[in-house]
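Me: Please take a close look at one short stretch of this model, and then set it among the other charged contacts and the backbone features of the chain. A formal, connected account would suit me best.

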Amino acid sequence: MASEESEEQRKLSLKIARLFDESGNGVFACSRGGKGDSGDEFLENFLKFLLVGAAAANKTVRFRACQIVSEIIMRLPDDAEVSNELWDEVIECMRFRVADKVPAVRTFAVRALARFANDSENGDILELFLEKLPVEQNGDVRKIIVLSLPPSSATLPMIFDCTLDVSESVRKAAYSVLACKVPLQSLSIKHRTNILQRGLTDRSTAVAKECVKLLKDEWLEKCCNGDPVELLKFLDVETYESVGELVMTTLLKAGLVKMQNGQTIRKFLISNGDSTEGGHCNHSIELMDPEVALFWRMVCKHLHMEANTKGSDAAMTMGTESAVYAAEASDNNDLLDSILPASVSEYVELVNAHIAAGPNYRFVSRQLLLLGAMLDFSDASKRKVASEFVQNLLHMAIDHEMDENGNEVFIGDGLNLGGERDWAAAVAELAKKVHAAIGEFEEVVLAVVEELARPCRERTADCKQWLHCLAVIALLLENTTSFRHMQGRAIDPAEILHSILLPGAKHASLDVQRASVRCLGLFGLLERKPSENTVKQLRCSFVKGPPSITIMASKALLDLGIWHGPDEMDKAMKSNLSSQLREHKMPATPVEFGNGSEDLDIELLDLLYAGLEHDWGDIVEVEENQSIHDILGEGLAKILLLSNKFPGSHASTHDLLLAKLISLYFNSESEELQRLKQCLSVFFEHYPSLSANHKKCLSKAFMRVMRSLWPGINGNVAGSTLMVSNMRKRTVQASRFMLQMMQVPLFTKEIAKPDDNESENHDIGTDLSPDFESGEEGLAIRIAVEVASFHAKKTAAEKAYLVALCRILVLLEFRVSEQGAIKLMRRILNRVIASVATEKELTKELWRMAERLQAIDRHPDEKLSTEQTDLILGKLELAIKLDDGDCMEVPPTPAPQSTRRTRARRRAKDEESSSDDELSPTSVVPSNPPVSRSQRASKTAALSRMTAKASIRIDEDNDEDEDEEDEAGSEVTSDDDSEPFD
């Protein structure tokens with residue numbers, strides 16, 4: 001019967017394929033002759049025939065039927081007369097096929113429904129598309145769904161999300177839909193910038209080209225008439241400056257920016273005919289729009305780079321090719337000169353006019369400042385004018401406003417010159433361009449610092465003057481490379497430290513404290529070794545300061561710790577510092593933050609770890625979208641990543657830090673730390689591959705992480721059954737994650753493996769390779785010792801914990817060269833098997849592991865001596881008491897139980913013999929009795945005979961309760977679940 005149905009489906013498939021091929025991909029079915037009635041009748045009959053094939057069991061038949069239906073619908077003219085009942089049948093059938101298990105069938109089913117999705121009467125089809133798109137696994141099907149979506153407020157969020165799809169074709173389709181169906185004016189500014197940011201920086205060239213096509217053909221040509229400035233007005237370049245720069249760079253590289261005659265910055269300088277004493281004409285300035293300023297900056301930057309590139313190419317080549325490059329460089333320079341102001345004086349006049357226009361023109365002023373990098377300051381007169389302009393910029397006070405109470409409110413971040421980092425960077429770039437000689441930049445800025453520092457040293461300065469002075473100092477420290485260029489100037493570094501930075505860190509104003517602490521961090525980066533005053537003040541600010549000061553001090557301490565090393569930071573304190581981390585103690589926070597207490601005499605890593613452990617409560621103050629935990633976690637991760645550069649005494653504490661970071665990464669309570677989790681994901685990807693010491697640290701941290709995350713042990717709170725289950729799943733996930741890190745190969749092979757074929761007459765103790773502790777063998781022994789250390793009385797949480805550890809243990813592999821570790825593992829493994837004897841499948845896997853270890857043991861009959869055992873355990877910092885009678889033999893694998901039902905009546909003598917064999921002293925793992933009623937009766941008879949002989953006493957009730965508890969997989973932690981045997 002089945003063969004007949006298969007033959008019928010094959011014939012139907014061939015018939016459909018033949019009709020499809022002969023009809024020219026459905027054109028014949030869609031075309032109409034002179035008599036429209038006959039054509040419509042054929043179309044209806046043909047569609048009914050295809051609907052039968054679309055419901056066939058054979059996937060090829062369904063595929064062909066849906067393919068032809070979709071082709072007919074897409075090519076069908078609008079005036080075709082088809083009954084509504086038939087269309088309802090077609091739509092219902094295709095809706096059902098959208099959930100087909102074959103991706104190709106789903107693809108053509110979606111394509112068939114695409115034409116109906118635009119109809120308001122078929123809103124259920126659009127809802128179906130929106131429902132299927134997020135859960136669809138096949139990229140081709142998602143692509144067809146995206147192409148079928150009509151533009152609306154309901155579909156636009158889905159289309160935007162598809163620009164981040166994992167499939168290249170889906171992302172490309174999303175940009176195609178945005179180009180064809182969504183006009184630029186209907187999008188919000190945020191959506192426009194997100195589309196361009198994602199598309200132009202996409203890793204796929206095809207997707208980036210599709211986005212460029214959208215930008216050029218639709219947005220630039222159709223909506224903006226080819227004017228890039230008009231396009232920039234749609235992007236709000238003051239808020240999304242980086243997107244505006246990206247758009248201009250793309251257009252300039254593609255040659256889509258055409259310079260028209262008369263387009264130049266000089267048109268904003270209108271001469272009024274008056275002349276100054278120096279012979280310069282006075283100008284009336286026409287203020288620029290932000291889009292115009294960004295446009296000219298990017299054009300000038302492009303021309304400047306092209307001229308330099310072509311000039312370098314001309315110098316590297318010869319003959320005609322060199323002449324061509326030189327001509328192109330000359331043309332670019334000539335065009336650049338025609339755009340820029342004619343003189344430095346006009347440039348300064350233009351910038352000053354925009355600065356004087358107020359805060360609304362701050363963005364334009366900064367764009368014009370960046371144009372200074374393209375000017376030529378080689379002439380002394382030009383450099384003099386520019387130097388005076390730079391002096392004025394450095395002396396420019398911080399903007400402020402008056403609140404309703406008459407208090408000054410500073411505009412900006414209070415840290416950088418001008419109140420923003422970008423403005424300070426633009427001023428510094430112009431100053432270094434004007435004063436390009438070695439040491440000249442430092443000399444000029446220090447002269448300004450000395451002048452601004454006078455009222456600060458005399459303690460007559462107000463908060464505004466303090467912040468201005470600290471902002472100029474920060475600009476200098478960020479843009480100099482050494483204190484060597486600052487010696488012998490108007491004010492030397494030591495005087496800056498003692499007269500400005502240290503007093504500023506103790507100022508009454510929190511804004512001044514914050515700026516001073518930032519400068520102390522920058523100052524310490526330039527020191528050859530961190531000074532005592534700098535380190536003590538930063539530690540004091542970290543402990544005593546409010547959250548804003550603590551955040552800044554933590555950044556400074558971490559930067560200095562990464563730059564100089566934690567050991568150097570501790571040496572700078574010039575006192576004996578204690579370390580609870582070094583003693584492998586993890587107490588509650590030993591530092592009381594924010595209560596005015598003095599800094600404790602503990603090492604830097606202990607202090608930072610205390611901050612990471614501290615509960616900051618409802619503190620919402622953040623610095624650059626980073627919380628205190630984000631900053632500390634990221635900084636400690638960097639210290640661990642660079643730990644090989646600081647081979648000091650702090651290496652013994654790294655496993656505690658690593659365990660804490662892993663626990664944070666998998667802790668459900670750290671959902672708010674998304675930025676830290678993103679940082680740690682990159683850290684974990686590279687950390688184990690850099691060094692064998694990192695893997696050793698990871699091996700030591702494994703058990704700490706497991707104990708800290710598993711519910712119901714080590715003092716961890718358990719909670720409800722659902723909570724316990726979720727916590728266990730998360731801990732198992734963490735264990736497998738750490739296992740994967742242990743198995744990642746190193747980037748460089750630091751240690752050569754011993755030869756497996758070397759002489760067999762060597763001592764076992766010499767088989768330990770230098771990377772033994774960092775290999776899987778070390779982790780396996782750690783897990784085995786942890787499992788074997790538990791007593792016979794175990795709670796349900798402890799039993800589940802041991803099972804989870806053993807499931808990781810069986811996944812670890814031993815190298816043949818590690819003979820000492822193999823023998824020690826064989827010796828401990830029998831205890832491990834006994835600890836999880838109730839888990840039958842897991843026990844079998846442990847038996848197989850024991851067999852593998854015995855197979856690679858070169859001398860299976862030899863045992864490790866006590867000294868050799870202590871040597872291995874000492875290297876791993878483990879302690880376990882092993883008896884001399886511990887057996888290394890592989891336990892016998894029990895024969896598989898027969899599925900045949902056992903007879904109810906059986907001789908007691910045979911059962912007694914069987915039970916005696918199972919409980920013989922040579923067997924380490926007792927076998928579990930079957931659960932059928934007949935066998936339970938036999939077991940009862942056997943137990944009664946054994947009780948009569950007084951050989952073994954077993955409480956059958958407790959045994960049955962324990963079996964039922966193991967079979968049910970109880971998740972509840974209770975002391976009653978682990979009663980000892982009577």
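How many residues apart in helix α13 (residues 228-233) are lysine 233 and glutamate 230?

Reply: Lysine 233 and glutamate 230 are 3 residues apart in helix α13 (residues 228-233), so about one helical turn separates them. Helices here are DSSP runs of H or I with at least four residues, strands are runs of E with at least two, and numbering starts at the N terminus. The model is a predicted one, in which local features need pLDDT of at least 70 and side-chain atom pairs count only at pLDDT 80 or more, while totals for chains, interfaces and linings use all residues. Residues are numbered from 1 along each chain as its sequence is written, and side-chain values use heavy atoms, with hydrogens and water left out.

The two side chains of this helix, lysine 233 and glutamate 230, meet in a salt bridge with an N to O distance of 3.5 Å (the criterion is a side-chain nitrogen of Lys or Arg within 4 Å of a carboxyl oxygen of Asp or Glu). Lysine 233 is partly exposed because its relative accessibility is 41%, and glutamate 230 is partly exposed because its relative accessible area is 33% (under 20% is buried, over 50% exposed, and partly exposed lies in between, with a 1.4 Å probe and protein chains only).

Just before this helix comes a backbone feature. Asparagine 225 sits in the loop between α12 and α13, and its phi is near 55°, a positive value in a residue other than glycine. Asparagine 225 counts as exposed because its relative accessibility is 69%. A positive phi of about 60° is also found at arginine 459, likewise not a glycine; arginine 459 belongs to the loop between α21 (440-457) and α22 (463-479).

On the other side of that loop, helix α12 (residues 205-224) carries lysine 209. Lysine 209 joins Lys143, Lys172 and Lys213 in a positive surface patch (patch residues have over 30% relative accessible area and no salt bridge, with like charges joined within 9 Å and nonpolar side chains, Val, Leu, Ile, Met, Phe, Trp or Tyr, within 5 Å). Lysine 209 is classed as exposed because its relative accessibility is 58%. A patch of negative charge on the surface gathers Asp331, Asp334, Asp337, Asp376 and Asp379; of these residues, aspartate 331 lies in helix α16 (residues 319-339).

The bridge in α13 is one of 36 salt bridges in the structure. Another joins the side chains of glutamate 136 and arginine 106, at 2.8 Å from N to O. Glutamate 136 lies in the loop between α7 (123-132) and α8 (139-148) and arginine 106 in helix α6 (residues 103-117), so this pair ties together parts that are 30 residues apart in sequence. Both glutamate 136 and arginine 106 are buried.

A third salt bridge connects the side chains of arginine 707 and glutamate 786, with an N to O distance of 2.9 Å. It links distant parts of the chain, with arginine 707 in helix α32 (residues 692-709) and glutamate 786 in helix α34 (residues 776-788), 79 residues apart. Arginine 707 is partly exposed because its relative accessible area is 29%, whereas glutamate 786 is buried because its relative accessibility is 11%. Elsewhere, Glu241, Glu245, Arg297 and Arg366 are linked in a network of salt bridges.

Glutamate 71, in helix α4 (residues 59-75), has two side-chain partners to report. Its side chain makes a polar contact with the side chain of arginine 75 at 2.5 Å, and the side chain of glutamate 71 makes another with that of arginine 111 at 3.3 Å (a polar contact is a pair of N or O atoms within 3.5 Å; within protein, one must be able to donate a hydrogen and the other to accept it, and residues adjacent in sequence count only if both atoms are side-chain atoms). Glutamate 71 is buried because its relative accessible area is 13%.

Finally, glycine 524 is placed in helix α24 (residues 510-526). Glycine 524 is buried because its relative accessible area is 0%. Its C-alpha atom is separated by 9.3 Å from that of tryptophan 563, 39 residues apart along the chain.

Terms used
Accessible areas come from the Shrake-Rupley method with a 1.4 Å probe; for residues, only the protein chains shown count as cover. Lys and Arg count as positive and Asp and Glu as negative; His and the chain ends are not counted. The place of a charge is taken as NZ of Lys, CZ of Arg, CG of Asp or CD of Glu.
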